[in-house]
Each structure stands twice: as structure tokens, then as C-alpha cells.
Amino acid sequence: MSSQIKQRYYTPEEYLELESVAEYRSEYLEGEIFAMANGSPDHSIISINLTGELRTALRGKRCQPFDKGLKVGPASSVFFFYPDASIVCGNLILHKKSKDVCTNPKVIFEVLSPSTEAYDRGSKFARYRTIESFTDYVLIAQDEPRIEHFSKQKDGSWNLRIVSELKNKIRIPSIGCMLSLAEIYERVKFPEKKSLIKATRKKKPRKA
């Protein structure tokens, strides 16, 4: 999220009506509407690569991937978000007040951006966890090959696994899916990491 549209309370119905005819996408959180920030070229490349890999990995299975055009939100209508990608297993359950809001995502993917990373990790993740069907949260970095996978355990706690380096793959057991970091980051040029080099200086000889 980037900027709040107006300092007023919107009902879920008002937001859904406005969003259905809006030129630009916005998200909804507890009565407030927030315009979505524009993504970088790398963000777009990663998102496209991701949905392509998910389509291939899930072909013939009972789980269906969706891109960032599908909103996600609980039946209670307290929030409506646009994740970069999501996966639904079984029948897609749509919100009773909107035909483009999914209420039963199993896996949600977010490509991290500097302006939204803290929110994606904190408040947004907390809201997603209120959705009963939600079991996996995958955060994808832009500036380095690094993917964080949060998976829900039987006791309700969440386990974190971090996968880095392009040669590796990330496995999501809940949907029987394996994703290659090299494929997800294809065509992405990472910024060069500056190494710290200690300069050695010759000491001047002391005068006798």
C-alpha cells in the first residue's frame, strides 16, 4: 500500500462498487481505501515468471494458481487485498458480494518492495492469517535471490524456511509443488554487492 485516498470510512460495499469501475487498483482495510503503489520492472518480471512456474508445476493437479488480478479477502469483509499470486485448492469460493474476491486462498505470494516490505511482513501477514484456508505465505525478494516460506503447523504456529541462491529450489509440501529460484528470477539483474576492502597504508619511518 502507498497512499490513503480519503480520510473517511468506506463500507465494504462502497469499496467494491468503486473498485469495479476504478482505473487504478486499490486495497481495502477496515474502512479505509489505499491506492496501490506502482511496481518496478523487476517486480513485474518476477511476478510473470512466478505465475508461469506455478501454472507448469500445478498442471493436472487440484490446485489452481491465480495472478495479481484476483482480490483476496475473508467473508467478514474487513479487508480486500491483491496478492502478487495466490493458489486455491479445490473449488474457488467467491465473496458473496463480489465475483472477483477469493475467500479461500491456500497459498499467497508477495514480491517484496522497499515501500511495502514492512507491511507485507507485519500487518498484511496478520490479516491473511485470519483466513481459515490459508496455510502458506511466500515472500520473494527483488534485490537478491532469496525466498522466505512461512508454513502453518498443526498447532497453529508458523514455521519459516529461507531459500537463497539461484541453484536452489523451494518446496511447498502442502500443494506438492517445487519451484526453481533460477526460473523465478530469470532476466532479473541484481545490484552488485560492494565488498569492503581495507586499504593498507605504509607507515612513515619515525625520525631518530
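Which residues of strand 2 (residues 26-29) lie on one side and which on the other, and are they buried or exposed? In this predicted model, Ser26 and Tyr28 lie on one side of the strand, Glu27 and Leu29 lie on the other, and these residues are all buried, with the result that both faces of strand 2 are covered.

The pairing of strand 2 involves strand 3 and strand 6. Strand 3 (residues 32-35) runs antiparallel to strand 2 and is joined to it by four bridges, whereas strand 6 (residues 79-80), likewise antiparallel to strand 2, is joined to it by two bridges. Tyr28 takes part in both pairings, since its bridge partner in strand 3 is Ile33 and its bridge partner in strand 6 is Phe80. Strand 2 and strand 3 form a hairpin with two residues between the strands, and within this hairpin Glu30 adopts a positive phi near 50 degrees.

Positive phi values also occur in two loops. Most residues other than glycine have a negative phi. Ser77, which is not a glycine, nevertheless has a positive phi, near 65 degrees, and is located in the loop that connects strand 5 (71-72) with strand 6. With a relative accessible area of 5%, Ser77 falls under the 20% limit and is therefore classed as buried. Glu165 is a further residue other than glycine with a positive phi, in this case near 75 degrees, and its position is in the loop between strand 12 (158-164) and strand 13 (169-172). The relative accessibility of Glu165 is 43%, and because this value lies between the 20% and 50% limits, the residue is counted as partly exposed.

A further buried position is found in strand 7 (residues 85-89), which contains Ser86. The relative accessibility of Ser86 is 0%, so this residue is counted as buried. When residues up to four places away in sequence are left aside, Ser86 is in contact with Gln64, Pro65, Phe66, Leu70 and Val72, and also with Val107, Ile108 and Phe109. For one of these contacts, that with Val107, the separation in sequence is 21 residues, while the C-alpha to C-alpha distance in space is 5.5 Å.

Key. Residues are numbered from 1 along each chain as its sequence is written. This is a predicted model: local features need pLDDT of at least 70, side-chain atom pairs count only at pLDDT 80 or more; totals for chains, interfaces and linings use all residues. Side-chain values use heavy atoms; hydrogens and water are left out. Buried means under 20% relative accessible area, exposed over 50%, partly exposed in between (1.4 Å probe, protein chains only). Contact means heavy atoms within 4.5 Å. Two strands pair if DSSP finds at least two bridges between them.
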